[in-house]
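Me: Please take a close look at one spot in a loop for me, then carry on to whatever else in the chain deserves a look. Keep it informal, but give me the cut-offs as you go.

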Amino acid sequence: MGAIALFGIAWAMTPIPDTTQKQATAQGSVIYYRDGKTVLARQGVDRRNVELAKVPEHVREAVIAAENRSFYQDSGVSVKGTSRALWSTLTGQQLQGGSTITQQLVRNYYSGLSQERTVTRKFKEIMISIKVDQSKSKDWVLEQYLNTIYFGRGANGIQAAAQAYFGKDVDKLTVAEGAYLAAVIQQPSRFADPKGDDLTAAQERWRAVVAAMGETGALDAGQVAAQRFPKLKTPKKPFVLKGQAQYMLDQVTAELNRRGYSDEDINGGGLRIVTTFDKKLMDAAERAVKEAVPEATPKKVRTGLAAVDPATGEVVAFYGGDPRRSDYDNAFSAKVPAGSTFKPYTLAAALDNGFDLSTRVNGNSPMRVASDPDHPIPNDSGRSYGQIDLVSATQNSVNTAFVDLGQKVGLDKVAATVEAAGIPGEQLQKHEAAAAFPLGVASVSAVQNASGFSTFANGGTHMEAHVVKSVKDADGTKNVIKPVATKVVSEQAAADTTYAMQQVVRYGTGTAARLYDRPVAGKTGTTDDSVSVWFNGFTPQLAVAVDMFRDDNATVTIPGYGVQFGGQLPAQIWRAFMTEAMAGKPVVDFPEPSGFGYGSDYSTPDQEQSVPDEQPTREPDDWGSPEPEFTEPPSTDPTVTQAPEVNQVPDESGPPTEGPGGPPTLGPDDQSSGRSLDD
């Protein structure tokens, strides 16, 4: 009576745990390129749960024959096997087998059961196993068991095992293959890739399983005799990220976190993640950089490239550098002064606020801003252009013209346009009141700048830059990412901004980026002392930014090529990538600018005038462009432009700054001055 009472107390005090072991149910996630088929990376546990109905009858019978022949008849425990195991534990001998499928499931599935070989743990396992047998169906137990058990080769569950050993889904397994997987359960490490004595042992174990299937009636004598040892697939090497894959995975993980997916979801939630990355374009980006950048380039020189689909905001390709050299990438993480690539944002803000391309601004050099008369702003080589229209100002990248324009339209409006185009406000706040703000003293990443210019290609609407297309969870529910759309400027303002940038590529500082089969709009950028150099441009279908900089903030100088400017190597890299990216794509024209063909007074260059070759050490300001039409004589004294009160442009110098736990942020704090070269 006492034993019965004790058993009753133990029974009452041992409930079925209400939680499962994370490792027992975790399903790893697979991350794909944008085609949804090509695997980019695998994360977490290799498991893919399947319903019992999808497991062939002969595979189930093989597991039952190998592990627990009385499975469908017993009460969840084996009295004989459990007694033997308890005696072995009490006498200090090695714990023997004898656990049923239900007991194995309980031990590996539920939380609160350790793997220690103690009488207490074994007794608790028995109690829970009996209760599970009473409360759950046998099919439920077998399904959880088949999805939980470890099969070796890193495969958890029968579906992952079928792929790991035979390269097929579980429902395609033959009788012989199913018998081998059942045989593996006993010694997964030994039988994962058996050779020599291990192979002999594996074959013996497999024959024993097949024979057991004959004894249980799963196979008849003829079927048993017909089985042949299956050919095992060569084990896959551990999944290793190569090339830009680690940078891709970092960005995908970061975006998933921002969208509410935890690291636990990613590593154990069985997600199927389709990214925006195009494998062919990723390869093209790497080729464009490596083939254009000379081998003698100093290691401190970095190159970043980013390509964004204007219509969707998808980052389809990028080049982030060599992952073996740095744990941060050059396309997403590194932020460097934007230089004159910021001027189109100022132009767009003006065109959206009552100005037009025929508006004339002061292009004389130097220019003194009333709020900061002690720091005159020059044009490159001190050249004065007089009163020039906005097309000529953009084509020739006239610093003073854009400072004047920024004062006229209001720097707050310029900053609002830049931020709406995808550049985070916190990167602008320090500089947006400075007269030189339109000249690109703020720092941006290649992805941010490509995304910003994609606004112009998309009719003035910015689509949120993103790297994840869709996420499907383990239950099959699909979440398609819907990027935020922001109207930045009107369609006409975007079209007119684009027209001005087309002249940069046709006749200005960006001729090295010409694509001879289709129209291109773009802008070069070179900061003071060539601390960072850019080419940022687009076709109607794709916006791409290329930047070069040094991780010590020194001048970008390439042996044999000299000091770099935006219209040199960055433009050449851009052209090499876009030539490949746009191959076979339809030629799409940009929208016509305001007044096109109706007597516009834009100072469009002579279409027949030739463009001289680019000089190897200096980027010319006015390739193929006519002399500016001065409406007044160039001034020899600094021009003063009246403006609202603005902060002084600081003398910004010093080493790269580094945030807590992050890569260096190369920015205007690292320049010798806060001004952009007139490139």
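Reply: Asp529 is partly exposed, because its relative accessible area is 39% and that label covers what falls between buried (under 20%) and exposed (over 50%), using a 1.4 Å probe and protein chains only. Before going on, the ground rules: this is a predicted model, where local features need pLDDT of at least 70, side-chain atom pairs count only at pLDDT 80 or more, and totals for chains, interfaces and linings use all residues. Residues are numbered from 1 along each chain as its sequence is written, and side-chain values use heavy atoms, with hydrogens and water left out.

Back to Asp529: it sits in the loop between strand E16 (521–526) and strand E17 (532–539). Strands (E, at least two residues) and helices (H or I, at least four) are DSSP runs, numbered from the N terminus. The backbone is what catches the eye, as Asp529 has a positive phi of about 65 degrees without being a glycine.

Asn553 also has a positive phi of about 65 degrees, and it isn't a glycine either. Its loop runs between strand E18 (542–550) and strand E19 (557–558). Asn553, though, has a relative accessible area of 8%, so it counts as buried.

For another backbone oddity, try Pro366, which is joined to Ser365 by a cis peptide bond with omega about -5 degrees. Pro366 lies in the loop between strand E7 (360–362) and strand E8 (367–369).

Now for a helix: Gln104 belongs to H5 (residues 101–109). With 9% relative accessibility, Gln104 is buried. Beyond its neighbours within four places in sequence, Gln104 is in contact (heavy atoms within 4.5 Å) with Glu67, Ser99, Tyr145 and Ile149. The side chains of Gln104 and Glu67 share a polar contact of 3.1 Å; that term means a pair of N or O atoms within 3.5 Å, where within protein one must be able to donate a hydrogen and the other to accept it, and residues adjacent in sequence count only if both atoms are side-chain atoms. Ile149 is 45 residues from Gln104 along the chain, yet their C-alpha atoms are 8.5 Å apart.

Last, the nonpolar cores, meaning sets of buried Ala, Val, Leu, Ile, Met, Phe, Trp, Tyr and Cys residues joined through side-chain atoms within 4.5 Å. The largest has 122 residues, and Phe277 and Phe577 have the most contacts inside it. Apart from that core lies another of 51 residues, including Val55, Val106, Val141 and Leu181. Not counting residues up to four places away in sequence, Phe277 touches several partners, among them Tyr33, Met248, Val315 and Val467.
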